[in-house]
Structure formats: C-alpha cells, structure tokens
Amino acid sequence: MRDQPDAPDAPVSATPSASPSTAPGPGPDPLAPARSAPRPLGEHRRWPRSFADRLTTPLPGLRAFARLAREGALRPGPDGLRGIPDLPYAPAPLPVTGPGALCATWAGHASWVLRVGGLTVLTDPVWSRRILGTPARMTPVGVPWAQLPPVDAVVISHNHYDHLDAPTLKRLPRHTPLFVPAGLAGWFRRRGFTLVTELDWWESAELGGVRFDFVPAHHWSKRSLLDTCRSLWGGWILTEAPGPAPRSVYFAGDTGYGHWFREIGRRHPGLDLALLPIGAYAPRWWLRDVHADPEEAVRACLDLGARRMAPMHWAAFVLSAEPVTEPLHRVRAAWDRAGLAREDLWDLPVGGSRTLGP
C-alpha cells in the first residue's frame, strides 16, 4: 500500500553549536515523564477498533486524490531513473562485534541488522525483490539471508507493505520474539508466531537485557481496503541494560517531520544513533507529512539530540517522484550546512556497516 500524507506540522528550526559527538550529551530531564515498567512478553491485549485519533491530521480527501491523478507525478522521469547504476551498494560480511558494541548494517530500505546488547535484531525486514504496487528493487538486499546470524528479535514499525513483508517473515522460526505496534499482533499470531509483544506509544518490553521502547511517529497504517488505522504506527528505541555507558539506537520506521522528535529526545536523552528516513518525499504537497525529506531528517536528528544519524528509506524501491540519487546528495548538503561532524553522518551503502565500540 502506497503511503499517503497527513497535513503539515509547524516547522521547528534548530541550529547546532557543536557536533553531536563533541557536544555534551543531554542529562536526564527532571520534567520528563517517568518511564513505565516493561510490559510482559507475548501479552494478549485488547485495543480500540481504530487509532485514527493518533493521526497528526486527517488523511487526504477526494480533492487531494483528484489533484494527484491530474498531475500524475508518482514516479521519477527518465532523467531521475538514470542514477540507478550509481546507487551505493557494497555488501560485505557482517563485522564481528564484542560485548558493549553497537553495530548497524543497512540491508536496504528500512531493513537493518542491529547488534546491540548482545542481541541481533532486524528492523522492518523486507528481503523480497518486489513488494505490492512497486517495480522490482533498484538494488539487491545488502545482506544475504543465509549470512544472517541467528535472529534474536524483530521490530516492526507499521503494516505498510514496504515495512511488513509476509514472504520475508515466513523465513523466520515461529518462536522468534516480535515487537509490533498496538493492534498488529493478531496478524502475526494467525501466521503461527508464538511470542508477539504489541505496545502502545511510550510503552516498553525487555528481552535479553535490551529494552524495546515504542515511540510515536507522524504516519498512518493501512494494508487492505478495510483496515485504515486499525493498527498503530511508530518507531523503536533499543537500549542496553543499565551500565557505565549503555548504547541506544532509535529506529524511526516511516515518518514525516513534526513535534514528536523533540518529545522523544526529551524522554530518551543521549541517543547514540538515529536511523532516519530521507526518501520517498516527492511530490512534497502529497507526501510531506508522512515522509521526511533529507533536510527534515537532519532537523529531526537535532531535535532528538542524537549523536549520529544513519539515513535510510531510499535506494531500494521506487515509491515517489524524486530522482533516485537526490536524497543522498541533499542529506549530505544539509548535514554540512548544519555544521555537524562528517564522521557522525553514517551514510552507508546498501550492505554497509558501522560499529561503535564498548
């Protein structure tokens, strides 16, 4: 299902005075709400029939669809597609990681192989060559499935087809722990998964010494004609068990820019790494509030107070009208204009990895 926009939030500007890696990290906010106790794993819960009240603004109506049909700007033109051979693709073996390390490997689109707190976690795993309603992948998956270590957990941000891929999930053992948005556990249980934990915004659960916090996003959900906003959408923060310097990584899933980033950063200060979407943003009037553009992704990183940013949600599927290589050029330029340290922008190729040591 192709994404559709909400209406815009008021823009928030932020100009850094120092690189995220050199500026002192924010301390605990005494006014931030206390984190709730973790929920039990695999808990069966009841939810409202709809989460439409969580939308940033209402979904578009007939007038917006009529304009989209009239303009027909759904895919890049021939010039915009010429960059496909130049998309960064450099698969390599997964790095060996030790205790206390955080390693992120970009498999493509919003799929990451994260090693944190001794666990291997997949985010929105899509290993299929094609998803519903789009051309085949522009770049192959960066990590062959056979080369994955045992998967300790999977996090899902929402139910759109480019983030929730049934053929990929069929490859997983049915006892794999899954962390999913509220209202989505039934989809997995019907497919035989036995340890599915569904969370509301600002709730958490723990597995193997790693805390999984579900946080808001500016997005929506839909997988069929009859299930609009029947399940929630959001991002995930994975944090090691408390220690001298616990690592934390924020996976945004799919989101537009808006006020939630500041609130996430307030409640979760000192994020080591933010995985943020930078693609599928044109035409802007149609997609601006469900898909951040590259400049907004950099602003979101600043709002979060994250020390580093890794771009995602580009270079895999043709979902919108911008030239296929444009997101990378724009995010690099925005990062430079913000005066941030170049080494803190983890602009990985598909298949690339970066590691933070203990």
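**Notebook: empty spaces and a helix pair**

I looked up the largest cavity in this predicted model, and I found that 16 residues line this cavity, with Met 138, Ala 280, Phe 317, Leu 319 and Glu 322 lying nearest its centre. I noted that its volume comes to about 120 Å³, and that a search of the whole structure turns up one cavity of 30 Å³ or more. When I sorted the cavity lining by class, I counted eleven nonpolar, four polar and one charged residues.

Next I turned to the largest pocket, which holds about 300 Å³ of space. I listed 15 lining residues for this pocket, of which Gly 183, Leu 184, Arg 190, Arg 230 and Ser 231 are nearest its centre. Helix 4 (residues 185-189) gives the largest share of the pocket lining, namely three residues. By class, I wrote down five nonpolar, four polar and six charged residues for the lining of the largest pocket.

Last, I looked at how two helices pack, keeping in mind that such a pair is described by the angle between the axes and the distance between them. I found that helix 7 (residues 294-304) and helix 8 (residues 326-337) pack at about 45°, with their axes 8 Å apart, and I therefore entered helix 7 and helix 8 as oblique to each other. I also recorded that the crossing of helix 7 past helix 8 is right-handed. On the side of helix 7 the contact is made by Pro 294, Glu 295, Val 298 and Cys 301, while helix 8 brings Pro 327, Arg 330, Val 331, Ala 334, Trp 335 and Arg 337. I sorted the residues of this contact into seven nonpolar, no polar and three charged.

Conventions
Residues numbered from 1 in each chain as written. Predicted model: local features only at pLDDT ≥ 70, side-chain atom pairs only at ≥ 80, totals over all residues. Heavy atoms only, no water. 1 Å grid on protein atoms, 1.4 Å probe; cavity = no way out; pocket = protein on both sides within 12 Å on 5 of 7 lines; lining within 4 Å. Points joined across faces, edges and corners; volume = space filled by probe spheres on them. Helix = DSSP H or I, 4+ residues; strand = E, 2+ residues; numbered from the N terminus. Nonpolar A, V, L, I, M, F, W, Y, C, P; charged D, E, K, R; others polar. Axes fitted to C-alpha atoms, helices over the stretch in contact; angles between N-to-C directions. Parallel < 35°, antiparallel > 145°, perpendicular 65-115°, else oblique. Left-handed = near helix turned anticlockwise from the far one by under 90°. Contact = heavy atoms within 4.5 Å.
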